[in-house]
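Hello,

Here is the structure I promised to pass on to you. Please open it and keep it beside this message while you read.

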Amino acid sequence: EIKKQENIAITDDFANATLKNISIKAKKADTKFDFESIKQIPIRISITKNITSKKGLKEGQELNFKILNDVNLENNLKLKKDSIITARLETISLNQAFGVPADIVIDNFKVVSDKSEINLEGSIHKIGANRSLWVYPAATGGMVFFFMGALFIPIRGGHAKINTKNIYEVYYVPNSI
């Protein structure tokens, strides 16, 4: 035989006595942020030597860029034209069959001087010719005709290239935030 137990409310006399005089009011959080106050100073750069994903690149390799015009930073700090900025080759993926292109990601830009090291914001992502847009449909559609689509499979994507003529921008963000 199962006996049914009544629901008895549990009360805490201490909690009731201490919480009686406390009123809790939630404050509305200040969600506004002034993005205009973030000062970014653009720095125009170009690479010093042509590079391509075809040969000679390794992940983690240092690359040199030059500054294209004089830039005034905070605290009378000035970057002169043709000064060298170093960057690191973060990722390189080679081109593949089915028209998949190669790509290069360059990041971690910094200016190194005798006095200090200045980190810059920004990255460069370069992709080769994407031939997969027509190789995939041609290969799969060609399979209907006596597997002739297999002839399209070895077609590779393009190599990623960065020339000295290409101009990029990285940004100096002061640490005043």
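Below is what I found, going from the strands to the salt bridges and then to the surface. Please keep in mind that this is a predicted model.

A good place to start is strand S3, residues 62-67. In a regular strand the side chains alternate between the two faces of the sheet. You can follow this in S3: Leu63, Phe65 and Ile67 are buried and point to one face, while Glu62, Asn64 and Lys66 point to the other and are not buried.

S3 also has partners on the sheet. Strand S1 (residues 41-47) runs antiparallel to S3 and is joined to it by 3 bridges; here serine 46 stands opposite lysine 66. Strand S6 (residues 84-93) pairs with S3 over 5 bridges, again in the antiparallel sense, and alanine 87 in S6 stands opposite leucine 63.

Next, the charged side chains. The structure has 2 salt bridges. One links arginine 88 and glutamate 90, at 2.9 Å from N to O. Arginine 88 is partly exposed, with 34% relative accessible area, and glutamate 90 is partly exposed too, with 28%. The other salt bridge joins lysine 110 to glutamate 117, with 3.7 Å between the closest N and O atoms. Glutamate 117 is partly exposed at 47%.

Finally, have a look at the surface. Val144, Phe145, Phe146, Met148 and Leu151 form a nonpolar patch there, with about 650 Å² of accessible area together. Phenylalanine 145 sits in the loop between helix H2 (132-142) and strand S10 (161-162). Phenylalanine 145 counts as exposed because its relative accessibility is 57%, and the cut-off for exposed is over 50%.

Best wishes

Technical notes
Residues are numbered from 1 along each chain as its sequence is written. This is a predicted model: local features need pLDDT of at least 70, side-chain atom pairs count only at pLDDT 80 or more; totals for chains, interfaces and linings use all residues. Side-chain values use heavy atoms; hydrogens and water are left out. Patches are made of residues with over 30% relative accessible area and no salt bridge: like charges are joined within 9 Å, nonpolar side chains (Val, Leu, Ile, Met, Phe, Trp, Tyr) within 5 Å. Accessible areas come from the Shrake-Rupley method with a 1.4 Å probe; for residues, only the protein chains shown count as cover. A salt bridge is a side-chain nitrogen of Lys or Arg within 4 Å of a carboxyl oxygen of Asp or Glu. Helices (H or I, at least four residues) and strands (E, at least two) are DSSP runs, numbered from the N terminus. Buried means under 20% relative accessible area, exposed over 50%, partly exposed in between (1.4 Å probe, protein chains only). Two strands pair if DSSP finds at least two bridges between them.
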